[in-house]
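Subject: A structure for you to explore

Hello,

Here is the structure I promised to pass on to you. Please open it beside this email, and follow along as we go from one place to the next.

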Amino acid sequence: MEIHILEAGTFMTRGEEMFCGLENVDWQKHYAPEKNGLCLWAMRCLLIIDEDRKILIDTGPGTKLNQQTIDDYHIAGTHLLEKAMAEKNIAFDDISHVILSHLHFDHCGGSTIVSDNGEIVPAFRNAKIFISKKQWNYALSPVESDKESYRKIDFIPLKKSNRIIFVEHEHEILPNISVKFVDGHTPGQMIPFIKRKKETIVFAADLLPSAAHIEKNYIMSYDLSPQKSNREKRAFLNEAVKNNYKIIFQHDKEVYSSSLSKIIQFGSGFRIIKQCLSS
C-alpha cells in the first residue's frame, strides 16, 4: 500500500475562529498567526494506492469557488490537487474510490467540476463515492449558522450519477480501510482508519484539524456541538495514544502527520511539544 499526502490549497481565518473562546496568548503558543490575526491553514487530501484501487480521501475545495468565497477565506492554490496527482502519474479518471469525511466545501468541493458545456458533473467519473448518510441528510438542510459551508453544487450532482455509496454504520468500507463517525463538528462526520502492515493511520479531518488542537478545550467556532466535539476528541486521543495511531492533520500548515508517542499526557489533557512531531 502506498499513501501520499496531497496539497489542495490554503485558506486563512482569524485565529479566534479556529481556537474558539481562547485568549490569543494561549493559542498563539501553538499556532502563530501570519498577519492581522489571520492564520494560514492547509487543505490536504490523502491518496491511497492499494493493489488495483486508487482511493482519494477528501477532494479539497475544487475550482468552482466564487470570488466572494475566495476573498472571504483568502483561498489560494485550488489547482494544486490536480498537479499533485499528476506528479504521482494519477489522473482523475484513474481514481476508483473517493471517501468524503463530510460535505463542507473545503473538503468536498473538488468532487464536481464544470464540464465543457457548462454542466456541473462528477470530477472522478469512474469512482464510487463513500458519503455518510447522516451527513448527507444534514447537508441538504443545514442550520442557518452552517449554511455557507455547504454548496449543493459540490455534492448533489454526485447523486444524479448513481456513484454514491451511503455509509450508515461504522465498518470496513474497503479492504484495510474502516470508518468511525463523530458528530461534534457536524453530524455524521466520517473518520477513515487505514491499516498498513502493523500501523494504523487516521485521517483526522475536522475532529483534529491541526496538531495544536490536541490541547484540551482547543475547538473551532465552526463546531456545531462544542462540548460533544471536545468529548469526542478526548476519547480519540486516549485511543490514539493507547494504539500508537499515526494521525494525518488535514489543516495544519506545518505538521502533516505524527504519532502521539511524543505527546506528554498530564492530568485530563495533553501538552504538545511541536518540535517532536514529524512532518
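Let us start with a small puzzle: which residues does Q135 touch, not counting residues up to four places away in sequence? Before you look, please keep in mind that this is a predicted model.

Here is the answer: Q135 touches H102, L103 and H104, then Y150, and also T186, P187 and G188. You will find Q135 in helix α6. Its relative accessibility is 1%, so Q135 counts as buried.

While you are in that helix, have a look at L140, which is also placed in α6. L140 is partly exposed, because its relative accessible area is 34%; the cut-off for buried is under 20%. Leaving aside neighbours within four places in sequence, L140 is in contact with K152, F155 and I156. If you want a sense of distance, try L140 and E7: they are 133 residues apart along the chain, and their C-alpha atoms are separated by 28 Å.

**Aromatic rings**

A search of the whole structure finds 13 aromatic pairs. One of them is F19 with Y31: the ring centres are 6.1 Å apart and the planes stand at 50°, so this pair is tilted. F19 lies in the loop between α1 (15-18) and α2 (24-27), while Y31 lies in the loop between α2 and β2 (38-50), so the pair ties together parts that are 12 residues apart in sequence. Both F19 and Y31 are buried.

Now compare W136 and F155. Their ring centres are 5.4 Å apart and their planes are at 70°, so this pair is edge-to-face. W136 sits in helix α6 (residues 133-140) and F155 in the loop between α6 and α7 (156-160), so to speak a link between distant parts of the chain, 19 residues apart. W136 and F155 are both buried.

There is a cluster to find as well: F19, W27, Y31, W41 and Y218 form one aromatic cluster. Two lysines also meet rings. The charged end of K133 sits over the ring of F166, 4.3 Å from the ring centre, and K180 lies over the face of F193, at 5.0 Å from the centre of that ring.

**Strands**

Next, please turn to β2. Is this strand mostly covered or mostly open? It is mostly covered, with 12 of the 13 residues of β2 buried. Strand β1 (residues 2-14) pairs with β2 in the antiparallel sense, over 11 bridges, and F11 stands opposite W41 in β2. The pairing of β2 with β3 is antiparallel too, over five bridges. Here D50 stands opposite R53 in β3. β2 and β3 form a hairpin with two residues between them, and E51 in the turn has a positive phi of about 55°.

**Nonpolar cores**

The largest nonpolar core has 34 residues. Those with the most contacts inside this core are L46, I48, I99, I177, I194, L208 and F236. Several elements each supply at least two of its residues, among them β2, β3 (53-57), β10 (177-182) and α8 (226-243). Which element gives the most to this core? That is β11, with four residues.

I99 is a good residue to click on here. Leaving aside neighbours within four places in sequence, I99 is in contact with I55, L56, I57, D58, F130, I173, I177, M190 and P192. Apart from the largest core lies another core, of 28 residues, and C45, L56, A123 and W136 are among them.

**Cysteines**

Finally, how many disulfides does a search of the whole structure find? The search finds zero. C20 is in no disulfide, and the nearest cysteine sulfur, that of C39, is 14 Å away. For C108, also in no disulfide, the nearest cysteine sulfur is that of C45, 11 Å away. Why do C20 and C108 not pair up with these neighbours? A disulfide needs two cysteine sulfur atoms within 2.5 Å. As for their surroundings, C20 counts as partly exposed because its relative accessibility is 35%, whereas C108 counts as buried because its value is 0%.

Enjoy exploring, and write back with any questions.

Best wishes

Key. Residues are numbered from 1 along each chain as its sequence is written. This is a predicted model: local features need pLDDT of at least 70, side-chain atom pairs count only at pLDDT 80 or more; totals for chains, interfaces and linings use all residues. Side-chain values use heavy atoms; hydrogens and water are left out. Buried means under 20% relative accessible area, exposed over 50%, partly exposed in between (1.4 Å probe, protein chains only). Rings of Phe, Tyr and Trp (its six-membered ring) pair if their centres lie within 6.5 Å; planes under 30 degrees apart count as stacked, over 60 as edge-to-face and the rest as tilted. A charge sits over a ring if NZ of Lys or CZ of Arg is within 6 Å of the ring centre and within 35 degrees of the ring normal. A nonpolar core is a set of buried Ala, Val, Leu, Ile, Met, Phe, Trp, Tyr and Cys residues joined through side-chain atoms within 4.5 Å. Contact means heavy atoms within 4.5 Å. Two strands pair if DSSP finds at least two bridges between them.
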